There are 2 protein chains.
Amino acid sequence: MSSTQFSKITLRSRPVADIIPSENFQTEHASLSSLVPGAKQVLVKIGETMRAGGLGVVVKAGEGSKFAKGDTVYGTPGWAEYAVVDDKTCTKIEPPKGTDALDFLNTLGMPGMTAYFGLHDIGRIKKGETLVVSGAAGAVGSLVCQLGKRLGCKVIAIAGSPDKCEWLETDLGVDKALNYKSPTFYKEWKELGYLDVYFDNVGGDILDFALTRLNRDARIVLCGAISQYNSAKPAGLTAYLNLISQRASITGFVVFDFAARYHEAIADIGAGVADGSIKRKFHIVDGLAQAPEALKMLFTGGNTGKLVVKVSDGSIAKL
Amino acid sequence: MSSTQFSKITLRSRPVADIIPSENFQTEHASLSSLVPGAKQVLVKIGETMRAGGLGVVVKAGEGSKFAKGDTVYGTPGWAEYAVVDDKTCTKIEPPKGTDALDFLNTLGMPGMTAYFGLHDIGRIKKGETLVVSGAAGAVGSLVCQLGKRLGCKVIAIAGSPDKCEWLETDLGVDKALNYKSPTFYKEWKELGYLDVYFDNVGGDILDFALTRLNRDARIVLCGAISQYNSAKPAGLTAYLNLISQRASITGFVVFDFAARYHEAIADIGAGVADGSIKRKFHIVDGLAQAPEALKMLFTGGNTGKLVVKVSDGSIAKL
């Protein structure tokens, strides 16, 4: 395969505010023969990839690598068809019965772990409580909603289109889904009463309003703030004094801190996926060249479910 | 004492932003004979009072009251020389050895309990950590600083004048006191590194800056936001995304939730007061008529130490 060319996408310039694909990214072509795995490295052909990680198949293992040709691994190979990666940055994927490798980009991967430990360990959710989830149609949010319903909570989902809201109510069974783009959004939310746990994926004005909707001892789980990442100046939270009167908290977390306990979540969520009680949705974009445009979707709300880019055909693409 | 007149201060109008004593308050005179304690009530002559509570001496006990004439009680009698109060809203004050009744308006009262449970239970402070305290020259803040030093923490105090800063460094032994009115305040703070616990009494811009100074797993204790209470529109927090990367939290609390454990704090702090290792300072304003002007001080930073109003002479005033 010495003369084979492959493509990868590299950063040309950092986005200032919104992403402009043609200005911020460029596609490069390289010779596959230039990629030689060293000690404890593997050369991976990438099947599905996304912003923070991807699935690939090992095509060549370097000296002393713990992986073998044909293994499916999860790692952070970046936006490329092939990549040499260190053993220690990869995990061999062995899907539990009734699940498949692609689930490791979603409910059994980083989004799943984020939903699980965020809701249970940071949010300390309890049966019967009221849970509000923003970014609810995304990979993390949609699992948080389902974990909440499974536990017997009242779940209010916030998403950005009537289609997403219908999916959340009809397919995922949330008690109420609110479209934050609706002119009556805040009024409708207010009518739904107060909340015990707010699982926040968006930040900004919606987080600020949530601060006025707190029950006593409410917990706000700060998971992400997609509305703010591309803002030159983030919107300020003004309603934080409610944290005092309501004895409430805002807590941030990073999922990697729970790595030693991923197996717990994988077993629990995997069982739900296998028996059909936990649903997952993929939004698949075809072809590496589409990756920059796809990334924009994360910020504009274009995707429903886990956004993945299908980089190449191969064993993974059959999933 | 049927024809005796006494005075009390009542609210004429709610302040819109800053307090205007002559517009917001009025002094009324009433006949003492109109105050008759009913069942399980006492008539109290008030010695020292303040915004949230006061000390008084029981001058008459109603039927079935658990208090007796001459008892010193803590309650919330309001700005009046005499008041009829329910038994259940009062606590008999029995100062531990080496302390006195007045301490129950300060280190052994609500400010003390707030400092103690806020720092230990909400802040989960540990030996060797870096503690930053705003409103550090106030009753709560100055005790938080001392509890932190006693535990072996690095303590950075924030106050509003060179005199207060000198008191904090020289008398209370904090590692560094910063004057937030200094033009180099933020620069100086930045040079002192990152923090583990931020005990916040002020809110606003100082809280927002603290969000950029967090060590991993930092805890922000939201105790008060004196800078914001009189603002028509509070300043927004913009740096809250740091909570995610630093796995940090902001938690509000209300001291009354710890009422069942006040005795723990009173024993611990009382021992420190008795042996001189915990210092307390009072800012005494003489005469009930001064109460509205004194209240303004809380918002303008005029007081150092616990602000109390001496309402009348009597057993309490001798303390």
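**Exercise 1. Salt bridges within a chain**

Task: How many salt bridges does a search of the whole structure find, over all chains? Then place the pair Arg150(A) and Asp268(A).

Solution.
- Step 1. The search of the whole structure, a predicted model, finds 22 salt bridges over all chains.
- Step 2. Arg150(A) and Asp268(A) form a salt bridge, with their closest N and O atoms 3.0 Å apart.
- Step 3. Arg150(A) sits in helix H3 (residues 139-150) of chain A and Asp268(A) in helix H8 (residues 262-274) of chain A, so the pair ties together parts 118 residues apart in sequence.
- Step 4. Check the accessibility of each partner. Arg150(A) has a relative accessible area of 41% and is partly exposed. Asp268(A), at 26%, also counts as partly exposed.

**Exercise 2. A network**

Task: Which residues are linked with Arg261(A) in a network of salt bridges?

Solution.
- Step 1. Start from one bridge. Glu264(A) pairs with Arg261(A), the closest N and O atoms being 3.0 Å apart.
- Step 2. Extend the set. Asp121(A), Arg261(A) and Glu264(A) are linked in a network of salt bridges.
- Step 3. Add accessibility. Glu264(A) is partly exposed at 33%. Arg261(A) is partly exposed at 28%.

**Exercise 3. A bridge in chain B**

Task: Where in chain B do Lys92(B) and Asp71(B) lie, and is Asp71(B) buried or exposed?

Solution.
- Step 1. The side chains of Lys92(B) and Asp71(B) meet in a salt bridge, 3.5 Å from N to O.
- Step 2. Lys92(B) belongs to strand E7 (residues 91-92) of chain B, and Asp71(B) to the loop between strand E4 (54-61) and strand E5 (72-75) of chain B, so the pair ties together parts that are 21 residues apart in sequence.
- Step 3. Apply the cut-off: buried means under 20% relative accessible area. Asp71(B), at 11%, is therefore buried. Lys92(B), at 39%, counts as partly exposed.

**Exercise 4. Symmetry of the two copies**

Task: What turn and what shift lay chain B on chain A?

Solution.
- Step 1. A turn of 179 degrees and a shift of 0.0 Å along the axis lay chain B on chain A, with an RMSD of 0.1 Å.
- Step 2. The two copies are therefore related as by a two-fold rotation axis.
- Step 3. Locate the axis. In chain B, the C-alpha nearest to it is that of Gly236(B), at 2.0 Å.
- Step 4. Compare the contact surfaces. The same surface serves both copies, as 100% of the contact residues of chain B recur in chain A.

**Exercise 5. The interface**

Task: What area is buried between chain B and chain A, and which three residues of chain B supply more of its share than any other three?

Solution.
- Step 1. Count the contacts. 30 residues of chain B touch 30 residues of chain A.
- Step 2. The buried area is about 2,200 Å², and carbon and sulfur atoms give 65% of it.
- Step 3. Tyr240(B), Ile244(B) and Arg247(B) supply 28% of the area that chain B buries against chain A, more than any other three residues.
- Step 4. Turn to the charged pairs. The count between the two chains is four salt bridges. One of them joins Arg216(A) to Asp257(B), with closest N and O atoms 3.8 Å apart.
- Step 5. Eight residue pairs are in polar contact across this interface.
- Step 6. Map the elements. Helix H6 (204-210), strand E12 (214-222), helix H7 (242-245) and strand E13 (249-252) of chain B each supply at least two residues of the side that touches chain A. E13(B) gives the largest share, four residues.
- Step 7. Sort by type. That side of chain B divides into 16 nonpolar, ten polar and four charged residues.

**Exercise 6. Buried polar residues in chain A**

Task: Which residues does Asp208(A) contact, leaving aside its neighbours within four places in sequence? Is Thr107(A) buried or exposed?

Solution.
- Step 1. Asp208(A) is in helix H6 (residues 204-210) of chain A. Its relative accessible area is 12%, and Asp208(A) is buried.
- Step 2. Beyond those neighbours, Asp208(A) contacts Gly236(A), Leu237(A), Thr238(A) and Ala239(A).
- Step 3. A polar atom of the Asp208(A) side chain lies 3.0 Å from the backbone nitrogen of Ala239(A).
- Step 4. Thr107(A) lies in the loop between strand E7 (91-92) and helix H2 (110-122) of chain A. At 2% relative accessibility, Thr107(A) is buried.

**Exercise 7. Positive phi**

Task: What is phi of Lys40(B), about?

Solution.
- Step 1. Phi of Lys40(B) is near 55 degrees, a positive value in a residue other than glycine.
- Step 2. Lys40(B) lies in the loop between strand E2 (25-31) and strand E3 (41-49) of chain B, and is exposed at 55%.

Methods
Residues are numbered from 1 along each chain as its sequence is written. Chains are lettered from A and ligands numbered from 1 in the order in which they are written. This is a predicted model: local features need pLDDT of at least 70, side-chain atom pairs count only at pLDDT 80 or more; totals for chains, interfaces and linings use all residues. Side-chain values use heavy atoms; hydrogens and water are left out. Copies are superposed by least squares on the C-alpha atoms of residues with pLDDT of at least 70 in both. Contact means heavy atoms within 4.5 Å. Buried means under 20% relative accessible area, exposed over 50%, partly exposed in between (1.4 Å probe, protein chains only). Buried area is the accessible area (1.4 Å probe) that two parts lose on being put together, summed over both. A polar contact is a pair of N or O atoms within 3.5 Å; within protein, one must be able to donate a hydrogen and the other to accept it, and residues adjacent in sequence count only if both atoms are side-chain atoms. Ala, Val, Leu, Ile, Met, Phe, Trp, Tyr, Cys and Pro count as nonpolar, Asp, Glu, Lys and Arg as charged, and the others, Gly among them, as polar.
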